[in-house]
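Please go through this chain with the viewer open. The briefing below is ordered by topic.

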Amino acid sequence: MVPDKTNTLTLCDHCGDTCYQKPVMLGEKMFCCDGCRSVYQILNDYNLCAYYDLNNHPGITQKSNVRKDKYAFLDNSDIAKKLIQYADSSQTHVTFYLPQIHCSSCLWLLENIRRINPAILSSRVNFTKKEVFITFDPSLITLREVVETLTHIGYEPHLSLEEVSTSQLRKIDRTRWYKIGLAGFCFANIMMLSFPEYFADGEVLEPIIKSTLTAIIVVLSLPVITYCASEFFVNAWNGLKNKYLNIDAPIALALVITFGRSMYELYTGTGSGYLDSMSGIVFFMLVGRWLQDRTYQTISFDRDFRAFFPIAVNILKDGAVKAVPVDQVKANDVIQIHHEELIPVDAMLSKGTAEIDYSFVTGESLPVQINKGEIIYAGGKQTGGIIELVVVKEVSQSYLTNLWNKESPADATTTSYSFIDALSKYFTYIVLVIGAIAGGYWLWQGQPHLMWNALTTILIVACPCALLLSANFTRGNILRILSNNKFYLRNAGVIETMSRINTIVFDKTGTLTQNNKMKVRYEGEVMSQELKSQIASLLVHSSHPLSKAVLHYLSTPVINDPDSFKIIDNKGIEGWIDEHHFRIGSPSFAGVEVTDQRESAVVVSMDNRTIGTFRITNAYRIGIFDLFKSLIPQYKLALISGDNPAEEKTLREKMGVESELLFEQSPHDKLAYITYLKENKKANVLMIGDGLNDAGALKESHVGLAVCDDDNNFTPAADGIIHASKVSILDKILAYVRSGRSIIMFSFGISIIYNIIGLYFAVQGTLSPIIAAILMPCSSISIILITYGLSELMAKKYKLAGGKEQGARSK
């Protein structure tokens with residue numbers, strides 16, 4: 001039976017709006033419109049009604065109908081390309097800005113949308129940015145149908161084909177500025193009009209003057225309580241609808257009490273009211289929140305792609321190759337990509353043979369053969385030789401960061417401090433109970449003035465914001481300082497994992513050693529200039545540090561490209577050039593018996609005949625041995641290398657007798673060793689390598705760090721990237737990361753002390769409501785400044801401040 005609308009208000013079971021007309025029925029469910037009923041029916045058909053269990057009436061009203069052909073323009077391939085970030089025959093990637101996202105139900109529904117249409121392979125929500133990153137199968141569903149699916153369930157994407165970047169969709173919201181200005185104007189004038197009442201007994205004023213001033217004060221207070229304070233009431237109401245008391249609930253209650261009390265006193269003539277205090281509370285609260293937001297923006301932790309991807313790219317211009325930062329790459333630039341390098345932009349193949357590994361993008365590791373004139377998407381990795389590409393679309397910040405974080409769908413900044421979370425969750429209830437007890441006590445004592453004062457100030461001064469800000473701001477500032485020191489982490493969650501590390505596994509070549517300072521000598525047949533050029537023509541396609549060392553030693557221009565070649569990981573490179581077959585690499589790969597393992601060796605074989613051997617002496621990075629000395633007391637150290645054991649004696653002496661040293665290990669061996677440490681030794685493992693032959697091991701470890709010697713070497717498997725020049729200060733970085741826990745607990749303690757002191761004065765009724773309104777935002781701002789200051793102080797302690805290591809180590 002439909003309830004009588006004259007007696008009760010019926011709320012829509014989907015969106016919570018009032019059904020002013022006859023409700024639209026579906027079984028026992030009632031809806032405000034056909035659109036809301038349709039959305040409910042869709043969710044019910046696909047067993048997604050848990051959406052309604054997470055929050056009360058979480059849906060978006062569907063009263064405004066979307067015309068059937070609204071998104072027909074997305075069938076135009078040229079228009080669709082502007083929105084699509086990656087596409088092949090099996091999957092397409094796209095990111096939408098959804099301004100309707102507002103609660104956990106939205107997040108749950110959008111991340112389960114594949115249950116409505118299985119052609120949508122996956123979806124991940126960035127709640128803060130109100131974005132959803134969707135992967136779908138283009139053979140089963142079109143971009144238009146994806147958009148229409150989102151629209152049908154109440155999440156119509158905001159599309160702007162001229163300004164695809166969602167950062168450009170967000171206009172500056174000046175609403176708070178207007179509210180602050182209006183509240184300040186009203187507060188100042190109410191104070192001024194209240195002066196006669198302050199400095200007189202009331203009998204001095206003529207009744208007509210007093211009535212006029214009171215009327216003006218009331219008129220000035222109305223926009224303050226109805227407009228300026230609206231965000232407190234809206235937020236409190238939204239929380240109540242979702243059966244949750246948020247931080248704005250006690251503030252809204254305090255404002256209602258102050259305003260109601262004032263209107264009662266003015267109407268009955270029993271007092272002059274507290275409209276000046278009410279206006280002051282709103283004004284100072286708004287100013288405090290604006291300052292808090294501005295401080296947060298100044299210490300911005302939403303890093304751009306340059307913080308995530310410290311890469312440059314080689315541009316061909318006027319016959320020369322020049323490395324430039326990737327954000328300076330423009331459309332139509334010609335870029336050069338080497339073996340195992342990441343392609344940071346969408347580009348068209350113009351020269352060379354492209355075999356692209358899209359595992360970073362799609363999860364499929366089988367290389368894709370790309371023909372000249374075809375598009376290669378950002379995030380692909382070249383597994384063949386050198387190629388030249390013409391840029392068609394500049395670097396996309398959101399897309400690249402989405403790719404790097406795609407295996408961590410949970411909010412990376414979420415922390416697991418159960419005590420803090422629990423206290424914050426019940427904080428508002430605790431405040432309401434304290435307020436009720438204090439108010440009841442003063443009422444029982446026969447002092448209603450102190451009762452109202454205590455109740456109002458308790459509701460305002462107590463603030464859980466500082467508790468919630470402690471961890472987020474500390475970790476965010478640590479991320480900023482680390483990136484200033486050429487140490488880049490995937491997200492803030494890695495910081496917590498790093499603080500629990502107890503085992504560090506090092507790769508050797510390219511990690512502990514300096515690639516550009518290796519000493520090379522040659523033994524074998526005298527090489528002609530032509531032979532040197534042929535060898536160089538093959539080695540230029542290899543990214544291995546030993547190949548680069550030999551190539552630098554030859555100092556020979558590359559004249560001809562090889563007819564074909566193949567790189568065998570951890571062994572070498574073979575190929576055909578000028579009708580000769582070359583094998584260049586380890587002695588076993590080139591078919592030579594190993595006789596001397598005191599040095600690394602690169603053997604050259606041509607047509608199954610050994611030409612000669614390049615013997616290479618490693619040059620360790622400055623400060624590496626001091627690093628081992630610092631780490632030994634706190635961590636278990638290990639080394640795993642594909643090189644021969646020539647350096648074992650030296651490394652054993654420097655890394656300690658208890659360290660485990662493994663040589664001649666394949667990429668599979670490295671992966672297996674990390675798995676062994678995790679499963680058998682129950683170790684929390686940090687693996688640090690160059691990412692060439694140890695990508696699997698980096699990914700398997702709890703924290704994988706890739707050493708970046710050249711700015712265009714990026715390893716997606718890693719949780720972090722450390723510049724080669726900073727490897728020797730890894731101990732300082734780890735100590736700094738561990739200090740984050742102490743900073744969080746200290747700032748948490750400060751916020752607890754603040755609340756205790758504030759409540760101590762508030763329960764006595766001696767604290768002015770205006771002072772309480774000033775103190776509340778000050779507490780949040782003080783926590784921001786404390787975490788910022790302590791983070792900077794600890795950075796200076798470990799010589800990390802300002803992005804410069806002060807005082808280089810000596811070897």
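The points below run from the whole chain to single residues.

This is a predicted model. The chain has 811 residues, and buried residues make up 53% of them. Its secondary structure comes to 25 helices and 28 strands.

**Whole chain**
- About 37,800 Å² of the chain is exposed, and carbon and sulfur atoms supply 55% of that area.
- Take the contacts between residues at least 6 apart in sequence: 67% of these join residues at least 24 apart.

**Helix α6: one exposed residue, one buried**
- Helix α6 covers residues 175-198 and contains Tyr 178.
- Phe 187 also belongs to α6.
- Tyr 178 has a relative accessible area of 53%; this is over the 50% cut-off, so Tyr 178 counts as exposed.
- Phe 187 has a relative accessibility of 13%; this is under the 20% cut-off, so Phe 187 counts as buried.
- Tyr 178 helps to make a nonpolar surface patch of about 440 Å², together with Trp 177, Tyr 227 and Trp 290.
- Phe 187 and Asp 276 are 89 residues apart along the chain, yet their C-alpha atoms are separated by 6.1 Å.

**Helix α9: a length check**
- Helix α9 spans residues 248-268, which is 21 residues.
- At 1.5 Å a residue, α9 should span 30 Å. The expected span takes 1.5 Å times one less than the number of residues.
- The end C-alpha atoms of α9 are 30 Å apart, so the model agrees with the expected span.
- Gly 269 follows α9 and has a positive phi, near 75°.

**A three-strand sheet**
- Three strands form an open sheet in the order β12-β11-β14, and their pairing is antiparallel.
- Strands β12 (368-370) and β14 (381-382) stand at the edges. Each has a single partner strand, so one side of each is left without a neighbour in the sheet.
- Strand β11 (residues 354-357) pairs with β12 over three bridges, in the antiparallel sense.
- Ile 356 has Val 368 of β12 as its bridge partner.

**The β19-β20 hairpin**
- Strand β19 (residues 564-568) runs antiparallel to strand β20 (residues 572-577), and five bridges join the two.
- Opposite Phe 565 stands Gly 575, in β20.
- Three residues lie between the strands of this hairpin. Asn 570 takes a positive phi there, near 70°.

**Positive phi in two loops**
- Most residues other than glycine have a negative phi. The next two residues are worth finding in the viewer.
- Glu 579 is not a glycine, but has a positive phi of about 65°.
- The loop between β20 and β21 (580-585) holds Glu 579.
- Is Glu 579 buried or exposed? Its relative accessible area is 71%, over the 50% cut-off, so Glu 579 is exposed.
- Lys 682 is not a glycine either, and has a positive phi of about 55°.
- Where is Lys 682? It sits in the loop between α22 (667-679) and β26 (685-689).
- Lys 682 has 64% relative accessibility, over the 50% cut-off, so it counts as exposed.

Conventions:
Residues are numbered from 1 along each chain as its sequence is written. This is a predicted model: local features need pLDDT of at least 70, side-chain atom pairs count only at pLDDT 80 or more; totals for chains, interfaces and linings use all residues. Side-chain values use heavy atoms; hydrogens and water are left out. Patches are made of residues with over 30% relative accessible area and no salt bridge: like charges are joined within 9 Å, nonpolar side chains (Val, Leu, Ile, Met, Phe, Trp, Tyr) within 5 Å. Accessible areas come from the Shrake-Rupley method with a 1.4 Å probe; for residues, only the protein chains shown count as cover. A salt bridge is a side-chain nitrogen of Lys or Arg within 4 Å of a carboxyl oxygen of Asp or Glu. Helices (H or I, at least four residues) and strands (E, at least two) are DSSP runs, numbered from the N terminus. Buried means under 20% relative accessible area, exposed over 50%, partly exposed in between (1.4 Å probe, protein chains only). Contact means heavy atoms within 4.5 Å. Two strands pair if DSSP finds at least two bridges between them.
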